[in-house]
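Welcome! Take a moment to look over the chain and its fold, and then we can walk through some of its features together.

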Amino acid sequence: MFTSAKTDELPLFLRPAGLILIVGLLTALKLFAAANAHFVEDEAYYRLWGLYPAWSYYDHPPMIGWWIAAGQAFFGDTVFAVRALVVVLGVLGSLALWRTAALLFDRKVAGWAVLFLNTSLLVGIGGILATPDAPSVFFWGLSLCALAELSTSKNANWWLVVGLMAGCGLLSKYSVLFLGAGIVLWLVWVPEARRWWLAWQLWIGGLIALACFLPVLSWNDAHDWVSFSKQFGRAGGGGFTAKYVFEFLGALIGLLNPLIAVLTVLGAAKLFKGLRAKDNAASLLLLTALPFVLYLLYHSLHARVQGNWPAPLFPTFAMMAAVFVAGLQPEKIFWRRLATGGIVLGLLVAVLVQVHAVSPLTGQFARKDPTFQLRGWPEIGRQVADLANRENVAFVATTSYGLNAQLDFLLKGSLPVIQLTERIRYVMEPEPDETLFDRPGLYVAEKRRDKADELKKSFRTVEEVTELERKVRGVRLEDLVVYRLQGRIGPVFEPIRYR
C-alpha cells in the first residue's frame, strides 16, 4: 500500500532530527508546566494513590498510582513528582508511534503521525496531567508497536510482548479490553494473520495479559467488585437519547484538533479500501480501534462520554491522518496546507495554554476557562491553615474527594484532612483514629456541595465560621464554606458502600 520513503527525501521537519527538535521543545514546555502549574482535582486525588500504592483502587486499575509513586520516590511529595513520568514516557510514546507507522507504512507516514499526535489538543495540552489516560495511551501504543513488529518480522515471539504491553494497559484503564477485541477481529479478518492461531506464543501472550490483570481481579474480589460495578455499570444506563452523540463527536473533533480531525476521517476512508482488500496494515489500524469506537458511540446514545475517554485511540487517529497526507500527490496543495495549518494551530494552542496554566493571562473567563481547576488553591490552603490555627482544631473534614485531595496536599505535615463520605476511595490508607473526632475540627465544603446539615447527626456543634473565595486575578471561581465541628455525638464516617 505504501513504498518506503528514504530519510534524505523527506522534508526537514519530518526527518528524525526535525521531529526530535519539535518533540523536545514541546517536552521542555510540558516539564516547565508540570513543575509550576497546580494540580487539577483528579491529579491531587491520584497523588494519594502514589503515597499508598495498592493492587487496585475504587475508580481505576493501579498503574497511574504506581507511576506517581515512582515519581515521588525521586522528587518527593511535589506537583512535579506526580507528573514526571507522564511527561517523560510521553516522549517514548512518540518514539513507539514513529516505529509503528514506519513499520506498517513508511517514514513519511511516521513523521506526520508523530507531529499530528503531539499537536492534537488532548496530548499537546493535557500531556502533563497525571490521570489513568496517560498510561492507557502509552501501553495501547506499545501494544500496537509490538503488533507492527510481529507483522513485519513474522517472529511469533512478539506475541509475548503484545501480551505484556496489553496487560500493562489493563493495569492502566479498563478501556484497554477493547484493544483485545480488536486484535481478535484482525486475526479473524486478515488471511495472513490467521496463521497465528496455531502459534503457542499467541496463547501464552494472552495468559501474560491475564496474569498482569490478576491483581486488579483479586482486589475487586476482595472488595465486592466495586470498581467493576462503578465503571462497567455506566454502559447502556438509561434509555436511548441523541442529545449526547453530537456532544461526544464535537468534543472528539475539538480535542483531536479540528483540522487534524478532517484529515483523520479522510485517512480512515482511504484505509477502509485496504480493509476491504484485507490489507494487513490497514486492517490492523482500523480493526484494533473499531470495538472501542463502537462502544463510545453506543455509550453516547445513553449518557455523556467524557472528553478524555477516547484518548487511547489518538495515536491511531494520528496515523490515519498521516496516511492521507503522506499519500497526497504534489499538486494537492490545499490538503498539505491544511495539514501544516493543523500542526501550527496545535503548537500555538499548546504553548498558549501551557503558559496560561502556569501564569494566567487573564481571569476574565473564570469558570469558563478550562484551566480553572488549577487556580487559587495555594491561597485557599493558606487561609484554611490560618483558620485551623486560630480555631485550635485537630483535623479538617470534607465530603468531596477533589477538595479533600487538594487540601490534603496543601496542609500536608500540619493537619490530617479526612473525607467523611465515600470511604471506599481510601481503603488503601490506614483508617483514621476515631478519637481524633473527639477534639474540635473544621469542615470545608464547596458551597454548591455543602453537607453541613448531615453532619449535625455526628457533632453537637456545626457552626459556620467563614466563607472563602477561590479566585484568579481577583475574579471569583467558586465559594467555599467553613464550619467548626465540636462535640461528637454519633458515628462520623459513612458506612463503606460497595454498590
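How many cavities of 30 Å³ or more does the count come to? The count comes to one. This is a predicted model, where local features need pLDDT of at least 70 and side-chain atom pairs count only at pLDDT 80 or more, while totals for chains, interfaces and linings use all residues. Residues are numbered from 1 along each chain as its sequence is written, and side-chain values use heavy atoms, with hydrogens and water left out.

**Empty space**

Rolling a probe the size of a water molecule over the atoms shows where empty space is left. The search uses a 1 Å grid over the protein atoms alone: a cavity is a set of points where a 1.4 Å probe fits but cannot get out, a pocket is an open set with protein on both sides within 12 Å along at least five of seven lines, and lining residues have an atom within 4 Å of a point. Grid points are joined across faces, edges and corners, and a volume is the space filled by probe spheres set on the points.

The largest cavity has a volume of about 40 Å³. Its lining is made up of S151, K154, W186, E192, A193, R195, W196 and N280. The second largest pocket holds about 560 Å³ of space. Among its 23 lining residues, V265, A268, V293, F317 and M320 are the closest to its centre. Helices α12 (245-256), α13, α14 (280-300) and α15 each give at least two residues to this lining. Here, helices (H or I, at least four residues) and strands (E, at least two) are DSSP runs, numbered from the N terminus.

The table sorts both linings by class; Ala, Val, Leu, Ile, Met, Phe, Trp, Tyr, Cys and Pro count as nonpolar, Asp, Glu, Lys and Arg as charged, and the others, Gly among them, as polar.

| Space | Nonpolar | Polar | Charged |
|---|---|---|---|
| Largest cavity | three residues | two residues | three residues |
| Second largest pocket | 22 residues | one residue | no residues |

**A helix and its surroundings**

Helix α16 (residues 333-358) has 26 residues, which should span 38 Å at 1.5 Å a residue, and its end C-alpha atoms are indeed 38 Å apart. The expected span is 1.5 Å times one less than the number of residues. Several residues of α16 are buried, including L338, G346 and H356; buried means under 20% relative accessible area, exposed over 50%, and partly exposed in between (1.4 Å probe, protein chains only). The cover over its buried residues includes α1 (16-36), α5 (107-118) and α13 (258-276), where contact means heavy atoms within 4.5 Å.

**A strand and its partners**

Is strand β3 (residues 441-446) enclosed or open? Six of its six residues are buried, so β3 is largely enclosed by the rest of the structure. On one side sit G441, Y443 and A445, and on the other L442, V444 and E446.

Two strands pair if DSSP finds at least two bridges between them. Strand β1 (residues 396-398) runs parallel to β3, joined by two bridges, and A397 faces Y443. Strand β5 (residues 475-488) runs antiparallel to β3 with six bridges, and L442 is opposite R484. β5 also pairs with β4 (residues 459-472) in the antiparallel sense, over 12 bridges.
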